[in-house]
Amino acid sequence: MVFILKPVYKTKFGEAYNSSIEKFIESENFENLRGKVDLILTSPPYPLVSPKAYGNRVGEDYKNWLSGIMKDLKTLLKPKGSLVVEIGNAWEKGIPKMSTLPLETLIEIKNKADLLVCQQFIWNNPNKLPGPATWVNIKRIRVKDSFTHVWWYSKTPNPKSDNSKILTPYKDGMKKLLERQDYNRGVRPSGHLIGDGFLTENKGSIPSNVLTFANSLETKKYRDWCKKMDVDQHPARMPEKLVEFFINFLTSKNAIVLDPFGGSNTTGKVAQDLGRRWVYVEQSKEYVLGSKGRFK
Ligand SMILES: C[S@@+](CC[C@H](N)C(=O)[O-])C[C@H]1O[C@@H](n2cnc3c(N)ncnc32)[C@H](O)[C@@H]1O
């Protein structure tokens with residue numbers, strides 16, 4: 001039976017739904033979005049050895065579940081649209097052994113949803129606390145696990161993307177070289193040819209696929225709102241800078257950005273600040289209520 005979900009809140013740019021993504025996929029709202037979404041940007045619940053508060057799945061079940069959802073969500077993308085999925089590392093229970101499930105899941109998304117992997121990124125969080133605690137802090141036999149995997153997929157090898165929209169400020173050394181306009185041209189041992197173009201002022205450096213953003217205090221307004229409403233703050237929020245990077249890189253103004261596992265709605269908030277439209281889906285009532293605080 002076809003049904004319509006009502007948004008819990010709306011802004012000029014977006015709509016927030018309190019629903020599991022599975023239910024949303026069956027709704028009229030989902031049908032209405034088919035082929036219209038420019039970017040799906042999401043951090044799904046991570047695979048864990050023991051389930052977390054918000055009901056993470058375990059093992060093969062996780063891999064099949066998430067890749068199946070991504071297969072359905074793919075039908076929402078415009079022909080040149082992108083899907084960006086962020087998943088952290090996981091560890092086997094009771095032994096100092098990393099689980100390969102996050103990587104297997106990312107590959108299964110490519111296979112089951114028949115998508116191309118455009119590029120892999122690493123989000124390095126320098127503020128991450130040392131962990132897994134038993135192996136890192138207590139037994140001292142592993143090092144701190146501080147990055148997550150961010151995979152960018154699309155239906156075509158040429159999705160919409162423009163790295164001139166995400167340039168980072170030049171470092172001092174490069175600024176000096178640009179001023180001097182003098183550099184040893186020629187072939188490097190790596191085979192790279194350094195030609196005249198190297199000293200062209202391009203308004204910034206092209207970033208690498210290792211993205212270093214601290215998860216910091218940028219969400220004070222959100223935290224104050226959660227306290228006022230007496231709801232839990234989301235424990236696994238993405239940094240706004242990470243979201244900003246992919247929205248600027250892969251979309252233009254007025255694009256539609258969907259986050260099917262929206263949490264505190266970092267994606268919607270950043271999308272709106274950048275003049276994009278957003279759709280947010282989150283199954284926890286409490287997190288939806290908290291996320292409203294991002295727009296106060
Ligand atoms: C890692 S968090 C996302 C955090 C978010 N990126 C942010 O910055 O706040 C994953 C979220 O997915 C939600 N979730 C889990 N299963 C879900 C489902 N089947 N449908 C919709 N949301 C789900 C969880 O409640 C959790 O808030």
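**View 1. Asp-114 lies in the loop between helix 4 and strand 7.** This is a predicted model. Phi of Asp-114 is near 50 degrees. That value is positive, in a residue other than glycine. Is Asp-114 buried or exposed? Its relative accessible area is 59%, so Asp-114 is exposed, the cut-off being over 50%.

**View 2. Asn-265 sits in the loop between strand 12 and helix 9.** Asn-265 is not a glycine, yet its phi is positive, about 65 degrees. Its relative accessibility is 1%. Asn-265 therefore counts as buried, since buried means under 20%.

**View 3. A cis peptide bond joins Gly-131 and Pro-132.** Omega of this bond is about 0 degrees. Where is Pro-132 found? Pro-132 belongs to the loop between strand 7 and helix 5 (133-138).

**View 4. An open sheet is formed by 9 strands.** The strand order is 1-2-13-12-3-4-8-7-11. Pairing in the sheet is mixed. Which strands are at the edges? They are strand 1 (9-10) and strand 11 (210-212), and each pairs on one side only.

**View 5. Strand 7 (residues 116-124) pairs with strand 11 in the parallel sense.** The pairing of strand 7 and strand 11 runs over 3 bridges. Trp-123 has Leu-211, in strand 11, as its bridge partner. Strands of a sheet pair through backbone hydrogen bonds, either parallel or antiparallel.

**View 6. Helix 4 and helix 8 against the strands.** Helix 4 (residues 101-112) lies across strand 4 (77-88), strand 7 and strand 8 (147-154). Helix 4 runs at about 5 degrees to strand 8. Helix 8 also packs on the sheet. Helix 8 touches strand 3 (37-42), strand 4, strand 7, strand 8, strand 11 and strand 12 (256-259). The direction of helix 8 makes about 160 degrees with that of strand 3.

**View 7. Helix 8 (residues 240-250) packs with helix 9 (residues 266-273).** The angle is about 55 degrees, and the axes are 9 Å apart. Helix 8 is therefore oblique to helix 9. The crossing of the two helices is right-handed. Which residues of helix 8 meet helix 9? They are Glu-240, Val-243, Glu-244 and Ile-247. On the helix 9 side, the contact involves Thr-266, Thr-267, Val-270 and Ala-271. By class, the residues of this contact are 4 nonpolar, 2 polar and 2 charged.

Definitions and conventions:
Residues are numbered from 1 along each chain as its sequence is written. This is a predicted model: local features need pLDDT of at least 70, side-chain atom pairs count only at pLDDT 80 or more; totals for chains, interfaces and linings use all residues. Side-chain values use heavy atoms; hydrogens and water are left out. Axes are lines fitted to C-alpha atoms, for helices over the stretch in contact, and angles run from 0 to 180 degrees between N-to-C directions. Helices (H or I, at least four residues) and strands (E, at least two) are DSSP runs, numbered from the N terminus. Angles under 35 degrees count as roughly parallel, over 145 as roughly antiparallel, 65 to 115 as roughly perpendicular and the rest as oblique. A crossing is left-handed if the near helix is turned anticlockwise from the far one by less than a right angle, and right-handed if clockwise. Contact means heavy atoms within 4.5 Å. Ala, Val, Leu, Ile, Met, Phe, Trp, Tyr, Cys and Pro count as nonpolar, Asp, Glu, Lys and Arg as charged, and the others, Gly among them, as polar. Two strands pair if DSSP finds at least two bridges between them. Buried means under 20% relative accessible area, exposed over 50%, partly exposed in between (1.4 Å probe, protein chains only).
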